[in-house]
Amino acid sequence: MEEILEKIKAGNRTALSRAITLLEKDRDFRKEIIKRIHKCCGKARIVCFTGPPGVGKSTLIDQIIGILLSRGKKVGVILVDPRSPYTGGSLLGDRIRMQRHATNPNVFIRSLSTLGDPSGLSRIVKDVIKLMDAFGMDYIIVETVGTGQIAVDVSHICHTTILVLMPNMGDDIQMMKAGIMEVADIFVINKADLPGADLTEGYLKSTVNENNVPVVKTVAYNRATVVPLVDLIEKYVEIPMPRKISKMKGLLKSMVLDYIEEKTLEYLERSKDIENYAEKVANEEIDYYTALEKIYEKLTKEVLCK
Ligand SMILES: Nc1nc2c(ncn2[C@@H]2O[C@H](COP(=O)(O)OP(=O)(O)O)[C@@H](O)[C@H]2O)c(=O)[nH]1
Ligand SMILES: [Mg+2]
């Protein structure tokens, strides 16, 4: 553990890669290394790109990596896809779009995927960010697909959350209003070369105006249009304390819920309560609410009161 930590801090890529793999597999390793690494983190700027598939996040990130590199920055990239690779995950496409940077010594790209456990995924993302931070990255860019809970969870651990959209998404924007719209710090309308960008911009400005969220139009493969976005990201250095606290509240809440879920599942597996009570309910000995209360009573005694 100490050895791998020292190597990471010294900028050893193989050690970083190995630590991430261990972290994905081993919960105890994860907790231990993060506790130890905590003090050497906090230097990196963490930026999350989220938005529906196909809006151009990966293409945009590829352009942004290039611009940050030209400014002498070291960039870590985490590609997160909560969907399984067998049912349309897009990690491969993402990697291909950033391939030209993959061998640059100042870039480290890592994809994270999971089979059916999206909550576990956001847990790992936050710890991988810490490792890359300790490694000495100036910027850590996270790409997450979609606008659901995982995107909101990831936004809690980022300095800047960027929601990427494209022209003619009116209805989709209305549908995603609740969660991610509130945590976005910057809106990007990518594919501004397509018709309808101004309309989308007008719509966004009228819906998000109260928070004064900047709206930026880009064409991902045109560097000049992306430079102002990078300038804006670089300007967002300090988050105001109230916003920081609000993000921490969101993060801690989901961590507590995750932790209880983890402990609960462990207990249920161990105790066989579900099997036992399922039989009683099936036999109509008791109703399912009574079964729930009984299981909950045992669970609180054995798990939560410990
Ligand atoms: N016309 C246009 N196409 C773009 C732009 N940015 C990305 N694309 C295309 O949109 C498609 C999806 O891009 P990708 O980066 O994979 O989107 P992601 O799913 O959000 O990561 C690709 O075919 C890109 O070439 C843009 O600014 N304008
Ligand atoms: Mg992508």
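The paragraphs below lead through selected helices, helix contacts and single residues of this structure. The model is a predicted one, and every value given here is computed from it.

The N-terminal part offers a first helix pair. Helix α2, residues 13-25, and helix α3, residues 27-37, pack with their axes 6 Å apart and at an angle of about 125 degrees. Because of that angle, α2 is oblique to α3. The crossing in which α2 passes α3 is left-handed. On the α2 side the contact involves A19, L22 and L23, which meet F29, R30 and I33 of α3. By character, the residues of this contact comprise five nonpolar and one charged, with no polar residue.

Helix α4 comes next in this account. It covers residues 57-70, 14 residues in total, and reaches 20 Å from its first C-alpha to its last, close to the 20 Å expected at 1.5 Å a residue. How much of α4 is covered? The helix is mostly covered, with 10 of its 14 residues buried. The buried residues include the run K57, S58, T59, L60, I61, D62, Q63, I64 and I65, and L68 is buried as well. Just after α4, the backbone at G72 takes a positive phi of about 80 degrees.

A single strand residue illustrates a buried position. I140 lies in strand β4, which spans residues 139-145. There are 26 other C-beta atoms within 10 Å of I140, and a residue with 20 or more counts as buried, so I140 is buried. Which residues does I140 contact, leaving aside its neighbours within four places in sequence? They are A44, I46, G76, I78, I129, M132 and D133. For a sense of distance, I140 and Q99 are separated by 41 residues in sequence and by 17 Å in space, C-alpha to C-alpha.

The loop between β6 (186-189) and α11 (197-208) holds K191. Although K191 is not a glycine, its phi is positive, at about 60 degrees. Is K191 buried or exposed? K191 has 25 C-beta neighbours inside 10 Å and therefore counts as buried.

A lysine in helix α13 provides the contrasting case. K249 has its place in that helix, and with 11 other C-beta atoms within 10 Å it is exposed, because the limit for an exposed residue is 12 or fewer. K249 and I33 stand 216 residues apart in sequence, while their C-alpha atoms are 23 Å apart in space. I33 has already appeared in the contact of α2 with α3.

Helix α13 also takes part in a helix contact. The axes of α13 (residues 241-271) and α15 (residues 288-304) come within 10 Å and cross at roughly 115 degrees. Angles from 65 to 115 degrees count as roughly perpendicular, so α13 is roughly perpendicular to α15. This crossing of α13 and α15 is right-handed. From α13, the residues K263, T264, Y267 and S271 make the contact, and from α15 the residues K298, L299, E302 and V303. In this contact of α13 with α15, three residues are nonpolar, two are polar and three are charged.

Helix α15 has a further partner in α14. The axes of α14, residues 273-282, and α15 come within 10 Å and cross at roughly 160 degrees. An angle over 145 degrees counts as roughly antiparallel, which means that α14 is roughly antiparallel to α15. The crossing in which α14 passes α15 is right-handed. Here D273, Y277, K280 and V281 of α14 meet Y288, A291, K294, I295 and K298 of α15. The contact of α14 with α15 is made up of five nonpolar and four charged residues, and no polar ones. K298 of α15 thus takes part in the contact with α13 and also in the contact with α14.

The loop between α14 and α15 contains E284. Its phi is near 60 degrees, a positive value in a residue other than glycine. How many C-beta neighbours does E284 have inside 10 Å? There are 7, and E284 therefore counts as exposed. Positive phi thus occurs here at an exposed loop residue, E284, and in the β6 to α11 loop at a buried one, K191.

Notes. Residues are numbered from 1 along each chain as its sequence is written. Chains are lettered from A and ligands numbered from 1 in the order in which they are written. This is a predicted model: local features need pLDDT of at least 70, side-chain atom pairs count only at pLDDT 80 or more; totals for chains, interfaces and linings use all residues. Helices (H or I, at least four residues) and strands (E, at least two) are DSSP runs, numbered from the N terminus. The expected span of a helix is 1.5 Å times one less than its number of residues. Axes are lines fitted to C-alpha atoms, for helices over the stretch in contact, and angles run from 0 to 180 degrees between N-to-C directions. Angles under 35 degrees count as roughly parallel, over 145 as roughly antiparallel, 65 to 115 as roughly perpendicular and the rest as oblique. A crossing is left-handed if the near helix is turned anticlockwise from the far one by less than a right angle, and right-handed if clockwise. Two residues are in contact if their C-beta atoms, placed from the backbone, lie within 7 Å. Ala, Val, Leu, Ile, Met, Phe, Trp, Tyr, Cys and Pro count as nonpolar, Asp, Glu, Lys and Arg as charged, and the others, Gly among them, as polar.
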